[in-house]
Amino acid sequence: MTQDAKVIKILPGNKAEVIVVRATACGSNCSNCESCIYDKEMHTEAFNKAGASVGDNVIIESKTKVVMKAALLAYIFPIVMLLLGFIIASKFGAGEGVSVLVAFIALAVSILVIFVTQRKKPNIGYDIVRIVEESEAND
């Protein structure tokens with residue numbers, strides 16, 4: 001998966017900090033709905049394989065495996081935990097209300113797990129693969 005980014009800082013270890021402009025699910029027309037909860041720009045680190053400098057527009061790439069793993073963790077894991085919480089509570093003889101409560105507790109735990117694991121490990125799943133020339137960036 002490739003994305004456009006801009007280098008804002010050179011870091012030690014052949015890394016760079018880049019800004020990536022997020023695409024939105026509604027087509028980047030936030031002025032119409034004003035319901036986006038995410039920042040429009042994301043700051044992340046990338047391996048500087050292309051030798052980019054501060055201010056360069058670049059193409060960054062992430063491995064599909066990393067993207068799919070993140071999607072699985074963010075979308076599937078909470079649903080599985082919600083269902084497991086309900087099923088396990090039901091199997092132990094809990095009533096419907098208690099089972100629903102346990103399901104939501106399991107959901108909250110899964111979100112906490114995602115939050116903690118993503119904060120602990122550095123996000124370095126990107127490589128700067130190409131510097132974009134000015135004429136390409138304006139197209």
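## Exercises on strands, core and surface

Let's start with a pairing: Ser62 stands opposite Tyr126 in S5. The model is predicted, with local features needing pLDDT of at least 70 and side-chain atom pairs pLDDT 80 or more, while totals for chains, interfaces and linings use all residues. Residues are numbered from 1 along each chain as its sequence is written, and side-chain values use heavy atoms, leaving out hydrogens and water.

**Exercise 1.** Find which strands pair with S4, and in what sense.

*Solution.* Strands (E, at least two residues) and helices (H or I, at least four) are DSSP runs numbered from the N terminus. Two strands pair if DSSP finds at least two bridges between them.
- Step 1: S1 (residues 2–11) pairs with S4 (residues 57–62) in the antiparallel sense over 5 bridges. Here Asp4 stands opposite Ile59 in S4.
- Step 2: S4 also pairs with S5 (residues 126–132), in the antiparallel sense over 6 bridges.

**Exercise 2.** Work out which residues make up the largest nonpolar core, and which strand supplies the largest share.

*Solution.* A nonpolar core is a set of buried Ala, Val, Leu, Ile, Met, Phe, Trp, Tyr and Cys residues joined through side-chain atoms within 4.5 Å.
- Step 1: The largest core has 12 residues: Ala5, Val7, Ala16, Val18, Val20, Met42, Ala46, Ala52, Val58, Ile60, Tyr126 and Ile128.
- Step 2: At least two of these residues come from each of S1, S2, S3 (41–47), S4 and S5.
- Step 3: S2 gives the largest share, with 3 residues.

**Exercise 3.** Decide whether Asn48 is buried or exposed, then list its contacts.

*Solution.* Buried means under 20% relative accessible area, exposed over 50%, and partly exposed in between (1.4 Å probe, protein chains only).
- Step 1: Asn48 sits in the loop between S3 and S4.
- Step 2: Asn48 counts as buried because its relative accessibility is 6%.
- Step 3: With contact meaning heavy atoms within 4.5 Å, and neighbours within four places in sequence left aside, Asn48 touches Ile10, Asn14, Lys15, Ala16 and Ile128.
- Step 4: One of these partners, Asn14, lies in the loop between S1 and S2 (15–21) and has a positive phi of about 60 degrees although it is not a glycine. Most residues other than glycine have a negative phi.

**Exercise 4.** Locate Phe92 and classify its exposure.

*Solution.*
- Step 1: Phe92 is in the loop between H2 (64–91) and H3 (96–120).
- Step 2: Phe92 counts as exposed because its relative accessibility is 74%.
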